[in-house]
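Here are some notes to read with the structure open beside you. I have grouped them by topic, so feel free to jump around.

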Amino acid sequence: MYALKATTGEIVWEFYLVPKSADDQSRGPQGATPLDMATWQNAAGDPVTGGATWTSYTLDTVTGELYVPGGNPGPDFAIGLREGENLYSGSVVVLDATTGAYQRHFKLVPKDWHDWDVSSAPSVIETRGGRKLLSVAPKDGNLYGFDLYTHTLLYRVPVTRMENDEASFAVGKHVHFCPGTAGGAEWNGPAYDPRTNLVLIGEVEWCSTVTLQSDAQIRKVALGKPSSGMATISPYHTYGVPDPSRRWAGWIYAVDADSGAWKWRLKSNYPILSGMTPTGGGLVFFGDVSGNFYALDVTSGERLWGHKIGGAIGGGVITYTTDGVQKVAVATGFTSIVWP
């Protein structure tokens, strides 16, 4: 990842979320980092891959710290080729925004073998209880709350269907698990309503099945070709074989920011990829992949209004005022080879 000077486009610093290889090109000053190959232990010739960032980062304007979510390690499913913790994949890495220097990290998905990226920007929250909270939801189906004063985990709360999530993968063995590789929270992260002290997260309930390739088969994949470690790979199923879409669903959980206790939850017939947008008037807006757009009572989760507005909703929801009138805007028409 890189930080650029807005006026000139000059690279101010760069930072690697996985160990830098000798032949990686340097494009700017590297932020100080303790990262080396010790947490990967790959065999000679096995590349270190993964750890990419999907979406936005989060800037704490008080401390000048940048919170960076890191994706899954690669190959996605074959942990035998990448022993160790695989830092800083599956983590939120905290950097000095000015220099790119490493400050600390929060490892969320240890030894990831399910393609459970930390795919959305985390939220930095001042809670009603006086905590400074890091709230983050990876694709692993959990909502995490970290105390940023002590850097300790306060809670880890399941917020979608969890099934067979600890089962190991093996050659010739079909493993069905939830959330699947397209399950959990995708690219829109948690929202916070200060009126109720609730963290709100939209989730996907969609399970996958993976059958593992042998290490020898994985090593035969040419550079630049998809290499997830899955034996049943196809153009449509590179990262696990998903259940039929008639078996998917979505969830919204409203969780107390200080304790992690969920106050209400709502199940949808369709995955929820959109952002969650609470308002000062006690509403929360969101949409699903069937094009349904809703307003709920943020205190109780009661549905107050809904309308089918067109194509699938996969982006954020904004609210703004113009000429003294408050409006809400959302984009429809999300399409993807992964989402039928």
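Is D243 buried or partly exposed? It is buried, because its relative accessibility is 7%. Please keep in mind throughout that this is a predicted model.

1. **The D243 pair.** The side chain of D243 meets that of R247 in a salt bridge, with 3.4 Å from N to O. The two ends sit in different classes of accessibility: D243 is buried at 7%, whereas R247 is partly exposed at 44%. Elsewhere, salt bridges with shared partners join R161, E163, E205 and K267 into one network.

2. **Salt bridges in general.** The count for the structure comes to 14 salt bridges. As background, side chains of opposite charge can pair when their charged atoms come close.

3. **A pair across the sequence.** R219 and D46 form a salt bridge through their side chains, at 2.8 Å from N to O. R219 belongs to helix 1 (residues 215-219) and D46 to the loop between strand 2 (11-14) and strand 3 (49-50), so this pair ties together parts that are 173 residues apart in sequence. With a relative accessibility of 46%, R219 counts as partly exposed, while D46 counts as buried at 12%.

4. **D193 and R195.** Here the salt bridge has an N to O distance of 4.0 Å. If you re-score the pairs, note that the cut-off is within 4 Å. D193 is buried, with a relative accessibility of 2%, and R195 is partly exposed, with a relative accessible area of 44%.

5. **A buried charge without a partner.** E186 sits in the loop between strand 13 and strand 14. Why does E186 have no salt bridge, and what is the nearest side chain of opposite charge? That side chain is K139, 4.9 Å away, and a salt bridge needs the nitrogen within 4 Å of a carboxyl oxygen, so the pair does not qualify. E186 is nonetheless buried. Leaving aside neighbours within four places in sequence, the contacts of E186 include W54, W339, L273 and V204, as well as S119, S120 and T181, and K139 is also among them.

6. **The disulfide.** How many disulfides does the structure hold? The number is 1, formed by C178 and C207 with their sulfur atoms 2.0 Å apart. The torsion about the S-S bond is about 105°, so the disulfide is right-handed. It links distant parts of the chain, 29 residues apart: C178 lies in the loop between strand 13 and strand 14 (191-193), and C207 in the loop between strand 15 (198-205) and strand 16 (208-210). Both cysteines are buried: C178 has a relative accessibility of 1%, and C207 has a relative accessible area of 2%.

7. **The nonpolar cores.** The largest nonpolar core has 25 residues, and L108 and F169 touch the most other members. Two or more residues each come from strand 7 (91-96), strand 10 (132-136), strand 11 (142-147) and strand 13 (175-177). A second, separate core has 15 residues, including Y155, V157, V159 and A185. Back at L108, not counting residues up to four places away in sequence, the residues touched are G90, S91, V92, V118, V136, P138, D140, Y144 and F146.

8. **L143.** This residue lies in strand 11 and is buried, with a relative accessible area of 0%. Which residues does L143 contact, leaving aside neighbours within four places in sequence? Among them are S135, V136 and A137, then Y155, R156, V157 and V159, and also P190, V199 and V255. By contrast, L143 and G224 are 81 residues apart in sequence and 34 Å apart in space, C-alpha to C-alpha.

9. **T277.** T277 is placed in strand 20 (residues 277-278) and is buried, with a relative accessible area of 13%. A polar atom of the T277 side chain lies 2.6 Å from the backbone oxygen of V317. V317 is also one of the residues that T277 touches beyond four places in sequence, along with L283, V284, F285 and T319. From C-alpha to C-alpha, T277 and D193 are 8.7 Å apart in space, with their positions 84 residues apart in sequence.

Methods:
Residues are numbered from 1 along each chain as its sequence is written. This is a predicted model: local features need pLDDT of at least 70, side-chain atom pairs count only at pLDDT 80 or more; totals for chains, interfaces and linings use all residues. Side-chain values use heavy atoms; hydrogens and water are left out. A nonpolar core is a set of buried Ala, Val, Leu, Ile, Met, Phe, Trp, Tyr and Cys residues joined through side-chain atoms within 4.5 Å. Buried means under 20% relative accessible area, exposed over 50%, partly exposed in between (1.4 Å probe, protein chains only). Helices (H or I, at least four residues) and strands (E, at least two) are DSSP runs, numbered from the N terminus. Contact means heavy atoms within 4.5 Å. A disulfide is a pair of cysteine sulfur atoms within 2.5 Å. A polar contact is a pair of N or O atoms within 3.5 Å; within protein, one must be able to donate a hydrogen and the other to accept it, and residues adjacent in sequence count only if both atoms are side-chain atoms. Lys and Arg count as positive and Asp and Glu as negative; His and the chain ends are not counted.
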